[in-house]
Amino acid sequence: MSSRNTGWALRPAFANILGVDASRKPGRDNRAGGLTVEASHTRRAFAVASVTAWQTFRRREIGDWDASASAESDEAFYDDIRVFSQELRIASRDSARFEWLGGVYAAREALDARFYSDFTDVPGLGAAARTQYGQRASVAALFGQVGLPLSAVWRLVGGVRMEYEHRQLDGLTTGFIAPAVTFVPPTNRSLLTRLPSAKLAFEYRPSSRTLAWVGVNRGIKSGGFTAYNTTNVAQLAAFAPERVDALEVGAKLQPTRSLRVNAATYLYDYRDQQVLSTVYDNVSRGPIGRIANAKRSRVLGMETEVVWEPARGVEIAPFAAVTGGTFREFFTTDAQASVAAGREVQRDFSGERLPIPRVSLGGAATITRVLRSQLWRAQLSASYRDTQQASRVIFSPQYDLPSYTLVNATLTWQRASSPFTVELWARNLTGRQYDITRNFFLNAQVAAAGAPRTVGVRIRVSDTSR
């Protein structure tokens, strides 16, 4: 199997629906725009700031998810997004002993979307489908934070945010284009969220070279809707906001002038974690993705990084991270069992691993030298990513991502007082072949390959007159 060749193609009738040439290759024609207006006013004891922003995004994208000439999952997306936000905050001046901040935030979001899918070569479907819908969201929030020195070496930091969000799914409909068949008539859904988030941390700084902290945080991730093409209205049920209570203990140390160490350990306790699950579709006789909520799950990990300068101009910077997580309470559709049974099968996934790599290792070695008024810097770096088990909610073991190691290198040159910097770089120096995702779509088995060996030259120009 070649990792370079592709066989994608658009069916002429589908290309005609999209208004593009049948020889059109997968690609994007996206446009983003925005305007931000900032204003501030400073008094002796406090400062007031306002940030007003308008953003737009226009998505025009054609994809062939199976990368073959078969019309199983040719896709076209047409999205228009508009966002307006306003934030007003008041904060103490930097010189104040008791630091405080408070403010309000409001935003309005609008999405108008339609997308087309060509399922002509899929048994049981045999046609092109169109899904279209709108989404609207209104957000309002109050927030505040304080920083209070408890002693010469201890400091307390606390904050809270109360957010109100109303999210609306407007008129989602799915159906075949020709012959005209409607599977889901225009359907509306709504979701109202009122949840607080907060943080509390104690910092210990006995010297300029030592900082330790322990903190607890509660974070909130908005709920929403899974807006896929579907024949199963159950897929459109709103998924709830995700809540995580995090405990973190860490330290930043500089025991000597040439050695710095950062380390942290953390525990994330989730409620209603948002997880990609499925519903079984009786028309395509297969699963269709749906975001579901795992009632309880947990992640535990630790990470450390070291920067060591054993000699002048030499820097060695290794890092390591170990992470693990499990579903503690989660009952949802088993995609593989549903396909085998030809009907929706529910299963308890409590105790199953979360789909995250357990071990990540790496580091960089950098040598910098000045020779005859010329700066030379050489860097060699490597990173290792452990095997990542695919989510057993949807995938079998054949979709697990094997471990891999990537090596990168950079050589930089600059003449003294010159505005030019020349950099020769190489990514994936050993040409390692690896996948970053593995998936399936109806009958198509899909994998996204990682970038191959890539080399290049970068020239930077900077103003040296200042």
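1. Welcome to this structure, which holds one cavity of 30 Å³ or more. A cavity here is a set of points, on a 1 Å grid over the protein atoms alone, where a 1.4 Å probe fits but cannot get out. The space in the largest cavity comes to about 40 Å³, where a volume is the space filled by probe spheres set on the points, and grid points are joined across faces, edges and corners.

2. Before going further, please note that this is a predicted model, in which local features need pLDDT of at least 70 and side-chain atom pairs count only at pLDDT 80 or more, while totals for chains, interfaces and linings use all residues. Residues are numbered from 1 along each chain as its sequence is written, and side-chain values use heavy atoms, with hydrogens and water left out.

3. Which residues line the largest cavity? They are Trp8, Ala9, Leu10, Arg24, Lys25, Pro26, Ile62, Gly63 and Asp64; lining residues have an atom within 4 Å of a point. By class, this lining has five nonpolar, one polar and three charged residues. In this scheme Ala, Val, Leu, Ile, Met, Phe, Trp, Tyr, Cys and Pro count as nonpolar, Asp, Glu, Lys and Arg as charged, and the others, Gly among them, as polar.

4. Next, have a look at the second largest pocket, with a volume of about 890 Å³. A pocket is an open set of points with protein on both sides within 12 Å along at least five of seven lines. Its lining has 38 residues, and those nearest the centre are Trp65, Tyr228, Asn229, Gly289 and Phe441. Two or more lining residues come from each of β4 (74-92), β5 (99-118), β6 (128-149), β7, β11 (259-281), β12 (286-311) and β20 (435-441). Strands here are DSSP runs (E, at least two residues), numbered from the N terminus. The lining of this pocket divides into 23 nonpolar, eleven polar and four charged residues.

5. Strand β7 (residues 154-176) is a good place to follow the pairing: β7 runs antiparallel to β8 (residues 181-207), and 20 bridges join them. Two strands pair if DSSP finds at least two bridges between them. Within this pair, Val160 stands opposite Ala198 in β8. The hairpin from β7 to β8 passes through four residues.

6. That turn deserves a second glance. Pro179 sits in the loop between β7 and β8, and the peptide bond joining Ala178 and Pro179 is cis, with omega about 0°. For context, most peptide bonds are trans, and most residues other than glycine have a negative phi.

7. On its other side, β8 pairs with β9 (residues 210-221) in the antiparallel sense over eight bridges. Ala201 has Gly215 in β9 as its bridge partner. Two residues lie between β8 and β9 in the hairpin they form.

8. Two residues stand out for their phi values. Ser373, in the loop between β16 (359-371) and β17 (374-385), is not a glycine, yet has a positive phi of about 65°. Asn428, in the loop between β19 and β20, also has a positive phi, of about 55°, without being a glycine. Are they buried or exposed, or in between? Ser373 is partly exposed because its relative accessible area is 47%, whereas Asn428 is buried, at 4%. Buried means under 20% relative accessible area, exposed over 50%, and partly exposed in between (1.4 Å probe, protein chains only).

9. Ala416 belongs to the loop between β18 (404-415) and β19 (420-427). With 46% relative accessibility, Ala416 counts as partly exposed. Its C-alpha atom is 5.8 Å from that of Gln374, although the two are 42 residues apart along the chain.

10. Ser381 is part of strand β17. Ser381 counts as buried because its relative accessible area is 16%. Beyond its neighbours within four places in sequence, Ser381 has contacts (heavy atoms within 4.5 Å) with Gly363, Ala364, Leu406, Val407 and Asn408.

11. Finally, the largest nonpolar core has 18 residues, and Phe327, Phe330, Val393, Ile394 and Phe395 have the most contacts inside it. β11 and β12 are the elements giving two or more residues to this core. Such a core is a set of buried Ala, Val, Leu, Ile, Met, Phe, Trp, Tyr and Cys residues joined through side-chain atoms within 4.5 Å. Not counting residues up to four places away in sequence, Ile394 touches Leu276, Ser277, Thr278, Ala335, Gln336 and Phe440. A second, separate core has twelve residues, including Leu111, Phe115, Tyr133 and Leu191.
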